[in-house]
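Please open the model in your viewer and keep the selection tool to hand. The stops below follow one another, and each says what to select and what is to be found there.

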Amino acid sequence: MRKGKGTRIAAFGVALAMTVGLLAGCGGGKEASPQSGGTGGTPAAEAKPLKVGAVFILSGNNAGYGLAQRPGVELAVEEINKAGGINGRMIEVTFEDSQGKTEEAVNAVRKLIDKDEVLAIIGPTLSGEMSSAGKVAQEAGVPILGVSTTAKGITDIGNFVFRNSLPEAGVLPYTVKAAREKYNLKKVAVLHAANDQFSVSGYNTFMEELKKQGIEVVVEASFNTGDREFGAQITKVLAANPDGLVVSSLYQEAALFMVQARQAGYKGPIIGGNGFNSPKLAEVAKEAAEGSIVGSPWFGGRDDAKVKAFVKAYTEKTGKAPDQFAAQAYDGMMLIAEALKQGGDNRDKIRDALAGIKNYVGVTGQFAFDENRNPVMTPFVLEIQGGQYVELKK
Amino acid sequence: MSYYLQVATFICISGILGLSVYLVLSTGQLTLGNAGFMLLGGYTAGLLAIRLGWPIWLTVPAGGLLAAVVAVPLGAATLRLRGVYLAIATLGFTQSLVVIANNLTITGGALGLKDIPNLAARLQRFLRGVLAEAPLGLTMAQFANLLVLLISAALLGLAYWLIVRQGKSRVGRAFTAIRTDEVAASAMGINTTYYKVLAFAQGAFLAGVAGGMMAHLTYFIGPNDFGFSRAVEMLVFVVVGGTAVPAGPVLGAALLRALSEYLREAKDLRLIVYGGLMMLMVLVRPQGLLTPGMFAGWRRRLGLGPRRPAPGKGAGA
Amino acid sequence: MFLQQLLNGLTQGGTYALIAIGYTLIFGVLEIINMAHGEVFMIGAMVGYALVMLLGWGLVPALLGGMIGAALLGAVLEFTALRALRRKGVSNLAPLISTIGLGMVLQNLMIRFAGAEPLPFRVPLSSGVLKLGPLQATATQLVVLGVSLVLMILLQWTLSRTGLGRAVRAVSENAETAALLGVNVSGIVLATVMLASALGGAAGVLVGVSFVSVSAVMGLGYGLKGLAVIILGGLGNVSGAVAGGLLIGVLEAMTVAYGEAFSGYKDAVAFIFLFLILVVRPQGLFGQNAAVTRRS
């Protein structure tokens, strides 16, 4: 053994560990937050900024969501700051990556609360992460707003936990009803992705709703998020000859599935849950997606000035059209901004102000929080025509 | 403050995980199964607490025990596997458990297990009942988090101490003999089956305990927390820190986890830098940061005699 | 239905086989698992995507482009993550970790460039469907299956009939002896890594074609499956990798078709099956000996 060298390297290793630890500790206050849009070269720039935190999945398998959500928040902050900020103070947002892991989400939220001392938090992306991060925020008395968490019972975590993402239970009844009426559905096949939270909770809600509306489920099949080959499921499902296919999955799998189903000869309607809500669905599936039905709080093709402006700005910023995740993230930041107007630097006041929002009009439409801090809004039922989402014609 | 306490607590858990892999590796078995055992321990502890109301000091060891019990047949089944075959087979075990956890209702499926009783919260409630004010000028919440850290560090310390002790005992020598040359060890009368399965079960116990602790620290666990990336992460702690001394995985865990947190500063480049640093560390020091020869060197410098005769240089990485 | 599922399974299995061959070739000459192989697969697909969608190339040139791109990446892999670690004569845990690190870097770099979502990947293929009795095969399936088979046959021919192939087999068998016999071992290692990567890249393009999309995160799932396949087939054994890949593809299709309650478990099928085989045959289905190397 090269003793001398070995010792030196070991000492180096330990010193490195300690240095890293110290740096992480003493690095407080120097976090590199992205520049908040408008520069406000005014005397108000001396006023302390209003700090907000955001936790999204920005890497790993599910990074697609977070990477769509972040620009939504950034856009909102830029707009607000350009218009002079809130009471003359700029908003400063710090983004953290949860990587889709519970441990990371907890660390991220703790860092935002303790080190960055944010007034409110947006996110995290997944309902599971919220079950963990939300509790931490609740215990610390920091308002946290989920902009994509759609599972049941999220806001039961506590009175500091909010969400503006309409849960499946608020959307699917409309979707199923509209589809049933248009296509006279009596028996359907239900497929779902078994291994991701959005799809599973959507599936549960679909099954309840189909039962309630008297539609028979003749065959079921499942697959996994990340699957790209559905031949087996398609063969099985088409053998039962359903009037319609109900699919609860994310858009990637849904798109691939549709293409393969159409290739296999299926001609009927395809009804989807939240996961269908993306312009990418039609991009990937092309003709196979024609006629697909989905309910959504977000409709980018709406003839509304606010919506058009948002779509334009977002597309310029990112090169892609905004999807539901982006839209809800944008609205979420706007909601927080509303609360900041009244609550200032006081987290409790911000919480109360947030809870009191009863009449806000965002790009996703009319919005209010109910007494459980869940969203009150009416979704649109859309179908794909000519590669675009349009409102469903009966 | 709570942030640093939280990170340090997770570092202790990571240290336990590193030690769990180390134990199995010390018999020459390359395992990626401890993430699966962590899953078992976590869900067991969580479910016992939620459904049966067991206290945390019971659920965590119970999780570890269940994992150890499952490890016995698994270890026995994989006895004849070597090297990469064993690694992939154990990876298969982990992946299968993740898929199962994703599909069962009792584990909450893809939505995971939530509302798990939280150690810090429990401690805080207890403390409020007995103390008027938290000591050291901390808030009650911070003090509770500090206690949680101390408990986790104590568990890590206990695991470490037991492993060091075992390493000096007959069991430890058997492990090393098996690692160096299994056939020769067997020829010399060492019951390799027993020791290999023992190491496997011990590693599983530690991983299960770590899983149970994790569940009680984060309120929520999901199948994705215990998959391939977790299994690999544990292995990296050991390889980077040093595969031949127990202090290695602990240092590796501390260094890598602290690094990962610090790299939040790097924003979007975080994982790129982390991966790059991993490659660099292994390139510069492929045998790991800490090696047994190193300790001998330090002892010599400090003027202490050799602790015990080294059981053959084959023990080195 | 059975025959149809069989075809579905074989098509999917063909891509698994291609990836697995890549792993097993590298293991043969280096005795390590290249954990970055899944990302090589992904980058091959991305190169194919860029050539088709951004430059308007056709399928065959894009496939070749993907393979070349992947091969070049393989060379980078060899020089950064692997070669330096061989010099020091270390255990094979270090290159394992090193390739894991590289995989992480590659995936996240790609996410930075291309985002994490699927990118639509349309190759001009007829949308015709070939019907053979009860079977239905889309043009896509035929292309994927066909190309996979052609590549596998080419590889087999290369390994058994060419000088390069003989040298690769010699190095796989015993590198020291091969060196003594005048083989340029490090050159052969480089060539093997590049060849293995090219096959992985081809698999990536084919998967992209099958599934009309590519994404920066497509490497993870396939990488893992590939690992299961090589162990099933026996490490270092190319025909084993092929057989294993096809077998796993078919098994997965059958699970979904016949076990309604089990379709969520599809991803576990490969590993559970693997596990059962290993208990009975620790060297895999076609492996030579219960791998003697104990360099862990």
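How much area is buried between chain B and chain A, and what part of it do carbon and sulfur atoms give? About 4,400 Å² is buried between these two chains, and carbon and sulfur atoms give 56% of that area, where buried area is the accessible area (1.4 Å probe) that two parts lose on being put together, summed over both.

Before going on, note that this is a predicted model, in which local features need pLDDT of at least 70 and side-chain atom pairs count only at pLDDT 80 or more, while totals for chains, interfaces and linings use all residues. Residues are numbered from 1 along each chain as its sequence is written, chains are lettered from A and ligands numbered from 1 in the order in which they are written, and side-chain values use heavy atoms, with hydrogens and water left out.

**Stop 1: chain B against chain A**

Select both chains and display the residues in contact (heavy atoms within 4.5 Å): 49 residues belong to chain B and 52 residues to chain A. The count of salt bridges between them is 10, a salt bridge being a side-chain nitrogen of Lys or Arg within 4 Å of a carboxyl oxygen of Asp or Glu. To look at a salt bridge in detail, select B:Arg264 and A:Glu96, whose side chains meet with 2.9 Å from N to O. There are also 16 residue pairs in polar contact across this interface, both residues being at pLDDT 80 or more; a polar contact is a pair of N or O atoms within 3.5 Å, and within protein one must be able to donate a hydrogen and the other to accept it, while residues adjacent in sequence count only if both atoms are side-chain atoms.

Next, colour the side of chain B that touches chain A by element, with helices (H or I, at least four residues) and strands (E, at least two) taken as DSSP runs numbered from the N terminus. The elements of chain B that give two or more residues to this side include H5 (119-130), H11 (247-262) and H13 (292-302), and H11(B) gives the most, with 8 residues. By class, this side has 21 nonpolar, 14 polar and 14 charged residues, where Ala, Val, Leu, Ile, Met, Phe, Trp, Tyr, Cys and Pro count as nonpolar, Asp, Glu, Lys and Arg as charged, and the others, Gly among them, as polar.

**Stop 2: chain B against chain C**

Now hide chain A and bring up chain C, where the contact takes 45 residues from chain B and 47 residues from chain C. Chain B and chain C bury about 4,000 Å² between them, 78% of it on carbon and sulfur atoms. Here the count of salt bridges is 0, and 2 residue pairs are in polar contact, both at pLDDT 80 or more. Among the elements of chain B that give two or more residues to this side are H3 (56-77), H4 (83-103) and H7, and the largest share, 11 residues, comes from H4(B). The residues of this side divide into 29 nonpolar, 10 polar and 6 charged.

**Stop 3: helix H7 of chain B**

Select residues 170-180 of chain B, which form helix H7, and pick out its buried residues, including B:Val171, B:Phe175 and B:Ile178; buried means under 20% relative accessible area, exposed over 50% and partly exposed in between (1.4 Å probe, protein chains only). What covers the buried residues of H7(B) includes H1 (2-25), H6 (140-168), H8 (182-187) and H9 (192-218) of chain B. At the N-terminal end of H7(B), B:Ser169 acts as a cap, with a side-chain oxygen 3.2 Å from the backbone nitrogen of B:Val171.

**Stop 4: C:Asn108**

Which residues does C:Asn108 touch, not counting those up to four places away in sequence? They are A:Ser59, B:Leu271 and B:Ile272. C:Asn108 is found in helix H4 (residues 93-114) of chain C and counts as buried at 6% relative accessibility. A polar atom of its side chain lies 3.0 Å from the backbone oxygen of C:Met104.

**Stop 5: backbone details in loops**

In chain A, select A:Pro124, in the loop between strand E3 (120-122) and helix H4 (127-140), and check the peptide bond from A:Gly123, which is cis, with omega near -10 degrees. Then move to A:Glu117, in the loop between helix H3 (102-115) and E3 of chain A, where phi is near 55 degrees, a positive value in a residue other than glycine. A:Glu117 is exposed, with a relative accessible area of 54%.
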